[in-house]
Amino acid sequence: MRCPPLFPYARTVAASGLVALLAAPALLDAQTYPNANDPRNNLKPGLHDAGEALLHMRLVSTTRKPAELDTIRGLTFTNSDLAFKGTTVYVGNFAGFSIYDVKNPAKPELLSVVPCITSQGDPSIWGNLLFVSAEGAGNRNDCAKGGVTNEQDHMAGVRIYDVSNPRAPRFLKNVQTCKGSHTHTLVPHPTDANIMYVYVSGNQGARPASELAGCKNGPDPADESNSLYRLDVIKVDRRNPQAADVVTGARIFTGLGPAPARGGRARAPRAMSGADSAEMAAYAMTGPRNCHDVTAYPAMGLLAGACASYGLLVDISQPEKPRRLDAVADTMFSLWHTAVFSNDGKKVVFTDEWGGGTSPNCQAVHPLEMGGNTTLVIGADKKFTQHAYFKIPTAQTTRENCVSHNGSLIPVPGRDIMVQGWYQGGVDVIDFTDPDKPFEIAYFDRGPVDPPSDGEPNSRARGTIAGSWGAYWHNGLIYSSEMARGLDILEVLPSEHLSANEIAAAKLVMFDEFNPQSQPRIVWPAAFPVVRSYLDQLVRGQGLPAARTTAIAQAIDAAEKQSGAARKTALTTLAGQVERDAAGAKDAERVRAMAAAMRELANATR
Amino acid sequence: MPPVLSRSILPLVMLPLLAACAAASTTPPATASAPVAAAGPANAAQAAAHDAHAAHATPAAAHDAHAGHDMSSMPPVSIPAGAMITEADVRFMQHMIAHHAQAVYMTRLADSAGAGARVLTLARKIDLSQAGEIKIMQDWLREYGQHVPDTDSWRGMRMVGMLTEEQLAQLQQAKGVAFDRLFLRLMIQHHEGAITMVADLLKSPRAAQEVDISVLANEIEAAQMAEIGLMWQMLADIP
């Protein structure tokens, strides 16, 4: 007898029997994957001199990690997430954090570095308070290296700093939680501007009560004393941040069972005869014990929870009493990881961190449905419906850890566009306006950090973990936290899929503070680029006859040349005409949105 | 990144030895000749095979002491002074390579056994997932200058949850729905073993404080726990 053969993985997923049998056909039409001739394939390796491929993007600057945090060995000094306040960028790291001023994005200025062993160090900013997630077993209260020998020294939870002087951050407090904090999400109090809630995600088990009083593990989700099956909620009063502490546990998992197989039914399990695994089976028979990451959309009172084997929709209108609205599973996903809402709150892009971020899971053999995104539509009944998958269409190498990771919206009016980091898969700009047909608009990718080891297997001890941890749009530019290489700043350039007007409109949207996991509602100012964005979209999608779009473009140009009352009148008249165009237009909704933007502009004209 | 672990995570039941494992014959099956290659064209798994043949050379050493997993076939561990890693960390990586390699071997039986579509999908997912993790574990061991087991090493080792020779023979002979049922039962057993190995690691003093092993151990725990629940349900769906 011979050993079973390797599976004959097809290069294109659509051709493999696995998908044809198990996925709805609609899910497959969206994307050619992977693309054998992609310019990102086979880039030159290197840490700081790797080959680069850019599509409709410009690399504005790369700022290497500060010396204190600069080593590429393992994850110990890797950059993690980002937070933003005006022109200040907070860069998390497994060994501390750094603060940059990016007034000149071509040359960011390092303001401070705080060395502090804190895996994984995801930061959030609120006023003068910086919150940093700490989870690892080797994190100490005093930040020191060397690991934890006495459990009383162990820090797992959220560190709070006063960063009112960004050149000299001041440590305030460690808030200990039973499961530590893998990530966290800011949820503002609905009415009291002095109060912030911090939802803490941590998928690990609880620490022993000897280490932190009150902590308890168990497989019973209904047990109110159980530290599992809840998100810890920290309440912070900005007038007294020293008093910040866990106030409740959000039990949003109660009643969830294990994720059913695609096409299968969730069924009560039978005991496996003879197995000595009753308690483990009890764990396996429950759903998630925590979330990996949750994205709040406070303006909508909603939260999308990426919770291991499920994606959740949660009502957070009362932050101390969140309520689950829906939960969906897709067993092609290994680890529901993060979420991004569309600005209208009607769609959510969920990501699958298959392999945990350290595996090279964007090779040609890796299916589209594993390790990428999926778009869920939220119905009027606040229930999810799953639509297409998306995965970067490259064939990355064995030396590039790659899977979908963190991102945020790019505020283009009338469309749903996001930018996203894919570790060594690079930075991707994706349109998910049509949930069945997500597509790529722009990208930036580097070759692997490591040279090939083919033929010399022992020349390289270990694959370097690197790439974009998160890529976020903030006030006109894309900021990408490169785990090994530093802070990348990128600019999006016009293309057939994204016009100069649409980019200009996106650049009008400014936020003082921006924490990607606490998604702000985008409101566009009254401005010509906003009007012209809709017009460009109508031209591109043939949502209005060409004769009309040409005439409207001329009328907009003419109105812009005028000023004061004349401009106001011209815009008002044009808006009335466009409203009439809507009747019978192929894309009436977009035509009406354009008319509304014209009226707003008219009203804003003095 | 998946969560990094606190060493106190999962005071899950430490599985007593699975009864099936205790009865294991320790002779490597004669059918097992070629190494199971990890997915991917240039894999260090195969490359590492040369320095790791001792791993399956001493069947008498294979036993079920999952509290230690100490295989006499594995060279002693030497931890450099000042390193964050512990002997338990190294042993975990070495043993999990063998554990994963058997799982990959199991998944690659599915195609010719005429497995059902859902089982085939799951098998491929487990194959791709665990083959990738084997590579990570081998790289980690190599970086720390430790003995690197190859993907054939499972044949001489029997960590908790791993299939006995008898179970393996049954799986190799099963076809169609019978294969599906047996594959799921045995893979549940196998996954539970992996989770027990993670729990054992975390019980060990100062283990899993190094971030990379922590991330990996949690990835294994989270993914396999979810898959156990899935497999129970798939089992229930088989008539």
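Trainee: Which residue stands opposite A:Pro123 in β8(A)?
Mentor: This is a predicted model. β7(A) and β8(A), residues 129-134, run antiparallel and are joined by five bridges. Across that pairing, the residue facing A:Pro123 is A:Val132.

Trainee: In what order do the four strands of that open sheet lie?
Mentor: The pairing is antiparallel. The edges are β7 (120-126) and β10 (170-176) of chain A, each pairing on one side only. From strand to strand the twist averages 20°. The order in chain A is β7-β8-β9-β10.

Trainee: Is A:Asp153 buried, partly exposed or exposed?
Mentor: A:Asp153 sits in the loop between β8 and β9 (157-162) of chain A. Burial takes 20 or more other C-beta atoms within 10 Å, and exposure takes 12 or fewer. A:Asp153 has 15 within 10 Å, so this residue counts as partly exposed.

Trainee: Which residues is A:Asp153 in contact with, leaving aside its neighbours within four places in sequence?
Mentor: A contact needs C-beta atoms within 7 Å. A:Gln542, 389 residues along the chain from A:Asp153, is separated from it by 64 Å between C-alpha atoms. The contacts of A:Asp153 are A:Arg140, A:Asn141 and A:Val148.

Trainee: How many residues of strand β19 of chain A are buried?
Mentor: β19 of chain A covers residues 336-341. The strand is mostly covered. The buried count is six of six.

Trainee: Which residue in the turn between β19(A) and β20(A) has a positive phi?
Mentor: β19(A) pairs with β20(A), residues 347-352, in the antiparallel sense over four bridges. Within this pair, A:Phe341 stands opposite A:Val348. The two strands form a hairpin with five residues between them. The turn residue with a phi of about 70° is A:Gly345.

Trainee: What distance separates the centres of domain 1 and domain 2 of chain A?
Mentor: The domain assignment gives domain 1 as 13-61 + 179-262 + 284-452 + 464-514. Domain 2 is 528-604. Taken over C-alpha atoms, their centres are separated by 35 Å.

Trainee: How many residues of domain 2 of chain A are in contact with domain 1 of chain A?
Mentor: Domain 1 of chain A contributes 10 residues to these contacts. By class, that side has five nonpolar, three polar and two charged residues. On the domain 2 side the number is nine.

Trainee: How many helices and how many strands are there in chain B?
Mentor: Along the sequence, the pattern of chain B is α-α-α-α-α-α-α. The totals are seven helices and zero strands.

Trainee: What share of the chain B contacts with a separation of 6 or more comes from residues 24 or more positions apart?
Mentor: Chain B has 239 residues, and buried ones make up 66%. Among its contacts with a separation of 6 or more, the share from residues 24 or more positions apart is 82%.

Trainee: Which element of chain B has the lowest mean pLDDT?
Mentor: Chain B averages a pLDDT of 76, and 69% of its residues score at least 70. Over residues 6-70 the pLDDT is below 50, yet beyond near neighbours in sequence this stretch has 176 contacts in the model. Helix α3 (residues 87-107) has the highest mean, 98. The lowest mean, 29, belongs to helix α1 (residues 19-22) of chain B.

Trainee: What ipTM does the predictor give the complex?
Mentor: The predictor gives two scores for the complex. The pTM is 0.88. The ipTM is 0.89.

Key:
Residues are numbered from 1 along each chain as its sequence is written. Chains are lettered from A and ligands numbered from 1 in the order in which they are written. This is a predicted model: local features need pLDDT of at least 70, side-chain atom pairs count only at pLDDT 80 or more; totals for chains, interfaces and linings use all residues. Two strands pair if DSSP finds at least two bridges between them. Axes are lines fitted to C-alpha atoms, for helices over the stretch in contact, and angles run from 0 to 180 degrees between N-to-C directions. pLDDT is the predictor's confidence in each residue, from 0 to 100. Two residues are in contact if their C-beta atoms, placed from the backbone, lie within 7 Å. Domain bounds come from an automatic or database domain assignment. Ala, Val, Leu, Ile, Met, Phe, Trp, Tyr, Cys and Pro count as nonpolar, Asp, Glu, Lys and Arg as charged, and the others, Gly among them, as polar.
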